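Visitor: I am new to this structure and would like to understand one small part of it well. Please choose a spot in a loop, look at it closely, and then show me how the rest is arranged around it.

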Amino acid sequence: MINLRTKLQLSPDVTFRSLGDGQGAVVVETKTGQLYTCNDTTTAFLEALDGTRTLGEIVDELHCIFDVDQPVLESDLNDIAGELLNNGLITPIPPHRP
């Protein structure tokens with residue numbers, strides 16, 4: 001399960017390409033060849049995934065871009081992350097333990 005403290009990254013067998021401003025993106029799962037198209041919100045979310053920021057930090061960053069209430073954006077991005085995770089397109093990074 002993911003939460004706002006979860007750090008996420010693209011899965012190793014996934015490629016992502018933005019199609020340009022306002023054009024969305026495509027995601028390809030290279031093992032199966034499955035192709036997914038993304039809207040602008042999902043594209044911005046995937047562009048923000050770097051494996052170092054938490055989901056909460058990404059919500060904060062994207063809140064500056066999208067004209068939507070933060071709780072709505074948080075819910076939307078949590079849903080997007082859950083769907084991408086269920087499809088194996090992103091993976092959580094295990095918490096670092098000293």
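Guide: Let us start at G51, which is buried, with a relative accessible area of 15% (buried means under 20%, exposed over 50% and partly exposed in between, using a 1.4 Å probe and protein chains only). Before going further, please note that this is a predicted model, in which local features need pLDDT of at least 70 and side-chain atom pairs count only at pLDDT 80 or more, while totals for chains, interfaces and linings use all residues. Residues are numbered from 1 along each chain as its sequence is written, and side-chain values use heavy atoms, with hydrogens and water left out.

G51 belongs to the loop between α1 and α2 (helices are DSSP runs of H or I with at least four residues, strands are runs of E with at least two, and both are numbered from the N terminus). Setting aside residues up to four places away in sequence, G51 touches K7, L8, Q9 and I93, where a contact means heavy atoms within 4.5 Å. One of these partners, Q9, lies 42 residues away along the chain, yet the C-alpha atoms of G51 and Q9 are separated by 4.7 Å. Such long-range meetings also show in the whole protein: among contacts with a separation of 6 or more, 52% are between residues 24 or more positions apart.

Another loop residue is worth a visit. S11 sits between β1 (7-10) and β2 (14-18) and is buried too, because its relative accessible area is 8%. Its contacts, again leaving out residues up to four places away in sequence, are with G88, L89, I90 and T91. The side chain of S11 comes to 3.4 Å from the backbone nitrogen of I90, a polar contact (N or O atoms within 3.5 Å, one able to donate a hydrogen and the other to accept it; residues adjacent in sequence count only if both atoms are side-chain atoms).

I90 leads us inward. The largest nonpolar core has 22 residues, and F45, L46 and I90 touch the most other members (such a core is a set of buried Ala, Val, Leu, Ile, Met, Phe, Trp, Tyr and Cys residues joined through side-chain atoms within 4.5 Å). At least two residues of this core come from each of β3, α1, α2 (55-63) and α3 (70-86). The biggest share belongs to α3, which gives five residues. Nonpolar side chains tend to be buried together in soluble globular proteins. F45 has a wide set of partners beyond four places in sequence, among them L8, I58, L77, L84 and I90.

F45 and L46 are part of helix α1 (residues 40-48), where T42, T43, A44 and A48 are buried as well. At the N-terminal end of α1, N39 acts as a cap: one of its side-chain oxygens is 3.1 Å from the backbone nitrogen of T41.

Now for the sheet. Its three strands form an open sheet in the order β2-β3-β4, with antiparallel pairing (two strands pair if DSSP finds at least two bridges between them). β2 and β4 (34-38) are the edge strands, each paired on one side only. Five bridges link β3 (residues 25-29) with β4, and E29 has Q34 of β4 as its bridge partner. Helix α1 packs on this sheet and touches β2, β3 and β4, its direction making about 120° with that of β2 (axes are lines fitted to C-alpha atoms, for helices over the stretch in contact, and angles run from 0 to 180 degrees between N-to-C directions).

On the other side of β3, five bridges join it to β2, and F16 stands opposite V27. Along β3 the side chains alternate: A25, V27 and E29 point to one face and are buried, while V26 and V28 point to the other and are not. The β2-β3 hairpin has six residues between its strands, with G20 at a positive phi near 115°. In the β3-β4 hairpin there are four residues between the strands, and G33 in the turn takes a positive phi of about 80°.

Stepping back, the protein contains three helices and five strands, which follow the pattern β-β-β-β-α-α-α-β along the sequence. G51, where we began, is buried, and 32% of the 98 residues count as buried.
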